[in-house]
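Hi,

Here is the structure I promised to pass on to you. Have it open while you read, and click on each residue as it comes up.

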Amino acid sequence: MQGVSVVKADITTLDIDCIVNAANSRLIPGGGVDGAINKAAGPDLAKAMMAIGRCPAGEAVITPGFKLRARHVIHTVAPVFAQHKEADVWRLLANCYKNSLALASKHDIASIAFPSLGTGVYGIPVERACNVAVAATRDHMRGSRVPAEIVFCCFSAGDAALYQEALR
Ligand code: AR6
């Protein structure tokens, strides 16, 4: 059965097929979860990202996981909260989840973990971002059984509680 869960963890440590990276549109390794993923994957990940070269907000691209336990990394780009009208922020953020899950489905990925996209450096309030993440994920699940396992991987207990609440 298809399942959605919440964990509090460093996403780079998860034993899962695919992790999602909160990247920037130039696919140049940055800080936050992007920095942690690049550090754990090794320098070949940055080379693979830069070979792709660009990913507009709301879109998603895929690379291998290199030294990570995860075999794949899907890179998606959240909108910068201060740079868009609020309605566009929620639409683009939902697209990040939808396009990442569609790409995972296309690659027949069985399990995938998302960080809380856009809610760090990009400044999207997590209290609303969690509801957008859950709604977009449920939308995907209505049309596809793949991935069978979807995990929201939060870095803090407070964020994990918000995602748990959104799932209820
Ligand atoms: N595991 C899980 N979650 C993490 C980890 C980790 N190891 N590290 C941080 N988080 P952010 P954004 C959480 O800033 O807002 C980069 O420079 C963090 O606590 O990583 O989409 C990119 O290159 C927060 O809840 O992503 C872009 O330029 C969440 O991950 C920009 O940051 C997202 O925070 C993207 O900003």
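**What I found**

F66 lies in the loop between β3 (60-64) and β4 (72-76). Before going further, keep in mind that this is a predicted model. Back to F66: its phi is positive, about 50 degrees, even though F66 is not a glycine. That is worth a look, because most residues other than glycine have a negative phi. Is F66 buried, partly exposed or exposed? F66 counts as partly exposed because its relative accessible area is 35%, and partly exposed covers the range between under 20% (buried) and over 50% (exposed).

L27 also has a positive phi, about 55 degrees, and is not a glycine. You'll find L27 in the loop between β2 (18-22) and α1. With a relative accessible area of 0%, L27 is buried.

**Around the ligand**

Now go to the ligand. Where does it sit? The ligand is in the largest pocket. There are 20 residues around the ligand, and the ones that come nearest are G31, V33, D34, G120 and V121. Which element gives the largest share of this shell? That is helix α1 (residues 32-41), which supplies four residues. If you sort the shell by character, you get nine nonpolar residues, eight polar ones and three charged ones.

Next, have a look at some short distances between the ligand and the protein:

- The side chain of N24 has an N or O atom 2.8 Å from an oxygen atom of the ligand.
- G31 has a polar backbone atom 2.8 Å from an oxygen atom of the ligand.
- G118 has a backbone N or O atom 2.9 Å from an oxygen atom of the ligand.

How much of the ligand does the protein cover? On its own, the ligand has 710 Å² of accessible area, and the protein covers 89% of that.

N24 deserves a second click. N24 lies in the loop between β2 and α1. The side chain of N24 also reaches the backbone oxygen of I28, at 2.6 Å. Is N24 buried or exposed? N24 is buried, because its relative accessible area is 19% and the cut-off for buried is under 20%.

**A cis peptide bond**

Go along the chain to the loop between α4 and β6, where P147 has its place. The peptide bond that joins V146 and P147 is cis, with an omega of about -5 degrees. I point this out because most peptide bonds are trans.

S144 is in this part of the chain too: its place is in the loop between α4 (126-143) and β6 (149-154). A polar atom of the S144 side chain lies 3.0 Å from the backbone oxygen of V146. S144 is buried, since its relative accessible area is 15%.

**The end of the chain and helix α4**

R168 is in the segment after α5 (157-167). At 71% relative accessibility, R168 counts as exposed, because the cut-off for exposed is over 50%. What does the side chain of R168 make a polar contact with? Its partner is the side chain of E165, at 2.6 Å.

Try the distance tool on R168 and V134 next. They are 34 residues apart along the chain, and their C-alpha atoms are separated by 9.8 Å. V134 is in helix α4, and V134 is buried, with a relative accessible area of 4%. You can pair V134 with N21 as well: these two are 113 residues apart in sequence and 17 Å apart in space, C-alpha to C-alpha.

**One more pair**

Last on my list is V61, which has its place in strand β3. V61 counts as buried, at 15% relative accessibility. How far apart are V61 and S25 in sequence and in space? They are 36 residues apart in sequence, and 11 Å apart from C-alpha to C-alpha.

If you want a place to begin, pick N24: its side chain has an atom 2.8 Å from an oxygen of the ligand, and that side chain also reaches the backbone oxygen of I28. After that, compare L27, which is buried, with F66, which is partly exposed.

Cheers

Methods:
Residues numbered from 1 in each chain as written. Predicted model: local features only at pLDDT ≥ 70, side-chain atom pairs only at ≥ 80, totals over all residues. Heavy atoms only, no water. Near = heavy atom within 4 Å. Polar contact = N/O pair within 3.5 Å; in protein donor to acceptor, adjacent residues only side chain to side chain. Areas by Shrake-Rupley, 256 points an atom, 1.4 Å probe, with all protein chains shown as cover. 1 Å grid on protein atoms, 1.4 Å probe; cavity = no way out; pocket = protein on both sides within 12 Å on 5 of 7 lines; lining within 4 Å. Sits in = over half its atoms within 2 Å of the grid points. Helix = DSSP H or I, 4+ residues; strand = E, 2+ residues; numbered from the N terminus. Nonpolar A, V, L, I, M, F, W, Y, C, P; charged D, E, K, R; others polar. Buried < 20%, exposed > 50% of the residue type's maximum accessible area, 1.4 Å probe, protein only.
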